[in-house]
Amino acid sequence: MIETKIKPQPEKLEAVVIRFVGDSGDGMQLTGTQFTDTSAMFGNDIATFPNYPSEIRAPQGSLYGVSGFQVHIGSVEVSTPGDSVDLLVAMNPAALKTNLYALKPGHTLIVDTDSFNKKNLEKAEYTTNPLEDGSLENYKVIEVDMTSLTKTALKDVAGLDTKTISRSKNMFSLGMIYWMYNRSTDYTIDFFNKKFKAKPSLVEANTKVLMAGYYFAETLELIPNSYTISPAKMPAGTYRIIMGNTATAWGFLAAAEKSGLELFLGSYPITPATDILHELAKHKHFGVKAFQAEDEIAGVTSAIGASFAGDLAITTTSGPGLALKGEAIGLAIMTELPLVIVDVQRGGPSTGLPTKTEQSDLLQALYGRNGESPVIVIAASTPANCFNFAYEAARIALEHMTPVILLTDGYIANGSAPWKIKTVAEMPEIKSNRIKEVKENWHPYDRDEKTLARNWAIPGTPGLEHRIGGLEKDAVTGNISYEPMNHEKMTAIRAEKIERVKFNIPDLETEFATEGDLLVIGWGGTYGSLHSAVKQMNEQGHKNIGYAHFNYINPMPKNTGTILSKFKKIVVCELNSGQFASILKIKHSEFEFLQFNKIQGLPFANDDLIQQFKELV
Amino acid sequence: METTVEKKYTAKDFTSDQEVRWCPGCDDYVILRTMQKALPEMGVAREDFVFVSGIGCSSRFPYYLDTYGIHSIHGRAPGIASGIKLANPNLSVWIATGDGDAMAIGGNHFIHVLRRNIDLNIILFNNEIYGLTKGQFSPTSLIGQKTKSSPYGNTQPPFSPGELALGAQARFFARIGGGSPKEMGQIFIEAQQFKGTSLIEILQNCVIFNDGCFNHITDKDVKEDKQIYLEHGKPMIFGKNRDKGLVFKGLKLEVVTIGENGITQEDLLVHNAKEQDPTLHYMLVRMEYPLATGVIRSFDDVTLEEREDALTAEVKSKSSFTKTDDLFFSGETYEVK
């Protein structure tokens, strides 16, 4: 525990957005996650977003080597990592230059003055030192010679090299922030003890620097006050902070356990989906088979093979990979095998913006295959509910014997938020179509009357030997058939099978208003931005704005038309040029759909949404 | 790892009700019939066989066998087969593919499946032509070969499947003519028994688009003089009169005649298919006269699934996680009251 002198009464804040930025080697991700975890333990609601450079080891001090971590904590509901920041911690000139735009005027900037030397200023393309030329006069600048102070703090610790010393300065800034936001340092010290168990000198060094930062802030006259953000009101339970990609991976683990099937992942590394492969590769203890294939196509085909052989089979990718998998997804549609394809969307076309977010794969997911090949498309909307929708994708694939495309995006996949942990027992049942015994006059394409799902007979089952494939099937026997009427019939069956999934998914719900002047529509990863903007409008007295968020894209919830009919105007907001709007226009041509679109590789900004909504009401 | 069974099958048990639709006179009929006869000899339950194919004439193979089967998409059978085997190592998994399917559109999967050494068997129907798309040159067509897409003669140098396979670390490679069902059946059984990826190249005559391309090697009257049928542990001897053989001369293989220049049978090389070092296997694979047939390489190595199983068992023995709940509630969790 920390003994401190009597503090002035901390000022209460509802929420705060902090961004830590520095060189790739400055440990900003660690600083950010420590602050996040400590605040989570304290009970705040949280949303975070990391921002790594694309380069693995960019030159030190360069503009493109800046790494950042943004965290939004609140005593109120927090649904996005925040657009602009209340506190910016910049460890070098390049970090300042690339991130100052996000700091709200009048708010606090903490800089490590030691890094503002000639060399670093040049690398950041500053002609004059921003700390001296008056360009920061609209901000509260706290200048700290952090590198020197870190060195001083460590002068008595034996066995440390210069690199280790300079690397621990991030803990100095963390210590300062802990004091400023009235947070305990216990969690982080505990973390050092666990992480550096084998190296006591590192535990000592990091603890010393953290505390040095803490006490420095306390005595520093530039920080007149500390702040506090009370715990948020959240449903009781056990929580953890989870990243979207991890939540996706865990949803599949839960679905495999619930369905009693082994989990097979066939995948090829691609940004920003690779973390799902990383995560599932860790879980051999659950018997997970994470197969890194030679390419995207082998990723999906190995999964199709595993599905034929009776596993819960998935493949994970991003837009370019989904394009490569198209033909094989058609095979899974034709052979009517359960399969989940995860597309963590990024900016396109082609290689596009690999590390930036976009919702521009929707039409590819729906239609990007040869022939009439309907597929179920669902989309997760927050980092934490990636868990639910991964589970849901597996459930629907198994219950309906068909591929399901799960769309997430770089924004929710890399973002993190509190997740109220679900036990497998709490999750809905999964009823697979496996058959184990020979029936009289059995055929591989015998269907469930209600769902039209065919039965799933897996190799190794005596008496059910059969052949399936990509050629058109006879509707009864499943043998190859080129009969014209049979093809038309099978095309209709495949479409109808997908359509009937609407009876196995929840109805669409609206938030804030069930009827009124304006219905805001979103889908997928924009939930946080749209929800908070509509909420804000509502709090400002605009009670006639409702919000409907789609997680089920194909088929859509069966009450969609009813919901749409309750509002005078409808605006569809998405991070593309209007792909979902185009689907709504086809399926519900009786309504007019306005659009609000953004294609900058970035999430919606709150102010832009508010402005747009105000114009519409 | 397939479980052995006592049940006695006949070729009929492996014949599906589907009408076979290859061109009359095609070698594919011989391969199918040979497989139907070999399968009962393998000691594997019928329900544990899975045949996987891509696209092409050869890829119709699974439809004609009464086993589990999947006729997939062009070039992708190795991916599907790998997924099947990794999902259930108890299955005996077979791929039927052609020269275009395996080495053109599916080339990447072909080399990687061999590299990984998953226990599955690949039958490569090599007819040096595209049949199903009606007569274009393939990756094994000869330079100068006139086809519909090379009316003035093919300008692309061919792959030798064996050479490509050995370069991709194939542990088992066999080659046999389409007209040698007896040896072919034996090779199928050996491939099934071999633990690891087995590749069997069949010199398969396409009667329509490349008729007779192997006649100079496979015809009954020249076969014994133009081919050497290799058997592990036996001297490398061939010829109608069993008087020709292979020796090393310098760094090359040389054909010698027993009885000439003091050569006796003892001087001939003895075939060692199980040798790890593939150098001699390469030479045999590349040799044009005599063309090496039979099991050229059969090196026992650890399979991918054995490595995976061992690793999984090790991880399981060290892990405290048995249920996913254990994972979800592990590490940094906190209570909200």
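This is a tour of selections to make in a predicted model, going from chain A to chain B.

**Chain A as a whole**

Select chain A. It holds 20 helices and 23 strands. Along the principal axes, its C-alpha atoms fill a box of roughly 85 × 60 × 45 Å. The radius of gyration is 27 Å, which agrees with the value near 25 Å for a compact globule of 617 residues. Of those 617 residues, 53% count as buried. Now turn to contacts in chain A with a separation of 6 or more: residues 24 or more positions apart account for 77% of them.

**Strand S19 of chain A**

Select residues 516–523 of chain A, strand S19. S19(A) is largely enclosed by the rest of the structure, because 6 of its 8 residues are buried.

Add residues 567–574 of chain A, strand S22. S19(A) and S22(A) run parallel and are joined by 5 bridges. To find the register, show Leu519(A): its bridge partner in S22(A) is Ile570(A).

Next add residues 545–550 of chain A, strand S20. S20(A) also runs parallel to S19(A), with 6 bridges joining the two. Show Trp523(A) and look across to Phe550(A), which stands opposite in S20(A).

Then add helix H17, residues 527–539 of chain A. S19(A), H17(A) and S20(A) make a right-handed β-α-β unit.

While the strands are on screen, keep one rule in mind. In a regular strand the side chains alternate between the two faces of the sheet.

**A histidine in a loop**

Go to His283(A). It sits in the loop between helix H10 (274–281) and strand S11 (289–292) of chain A. Is His283(A) buried or exposed? It counts as buried, because 23 C-beta neighbours lie inside 10 Å, and the cut-off for buried is 20 or more. Setting aside neighbours within four places in sequence, His283(A) is in contact with Leu253(A) and Val288(A). For a distance check, pick Pro418(A): its C-alpha atom is 22 Å from that of His283(A), and 135 residues separate the two along the chain.

**A sheet across both chains**

Show both chains. An open sheet of 9 strands has the order S17(A)-S2(B)-S1(B)-S3(B)-S4(B)-S6(B)-S5(B)-S11(B)-S7(B), with mixed pairing. Its edge strands are S17 (467–469) of chain A and S7 (227–230) of chain B, each pairing on one side only. From one strand to the next, the twist averages 20 degrees.

Zoom in on S3 (residues 92–98) and S4 (residues 121–126) of chain B, which run parallel and share 5 bridges. Gly98(B) stands opposite Phe125(B) in S4(B).

**Helix H4 of chain B**

Select helix H2 (residues 77–87) and helix H4 (residues 107–116) of chain B. Their axes come within 8 Å and cross at roughly 35 degrees. On the H2(B) side, show Pro78(B), Gly79(B) and Ser82(B); they meet His109(B), Phe110(B) and Val113(B) in H4(B). By class, this contact has 3 nonpolar, 3 polar and no charged residues.

Stay on H4(B). Which of its residues are buried? They are His109(B), Phe110(B), Ile111(B), Val113(B), Leu114(B) and Arg116(B).

What covers the buried residues of H4(B)? The cover includes helix H11 (296–308) of chain A. From chain B it includes H2, helix H3 (99–105), helix H5 (161–167), strand S6 (198–203) and helix H10 (304–318).

Finish just after H4(B), at Asn117(B). There the backbone takes a positive phi of about 60 degrees.

Terms used
Residues numbered from 1 in each chain as written. Chains lettered and ligands numbered in written order. Predicted model: local features only at pLDDT ≥ 70, side-chain atom pairs only at ≥ 80, totals over all residues. Helix = DSSP H or I, 4+ residues; strand = E, 2+ residues; numbered from the N terminus. Buried ≥ 20, exposed ≤ 12 C-beta atoms within 10 Å, placed from the backbone. Contact = placed C-beta atoms within 7 Å. Pairing = 2+ DSSP bridges. Right-handed = clockwise from strand over helix to strand, strands pointing away. Axes fitted to C-alpha atoms, helices over the stretch in contact; angles between N-to-C directions. Nonpolar A, V, L, I, M, F, W, Y, C, P; charged D, E, K, R; others polar. Rg over C-alpha atoms; globule rule 2.2 N^0.38 Å.
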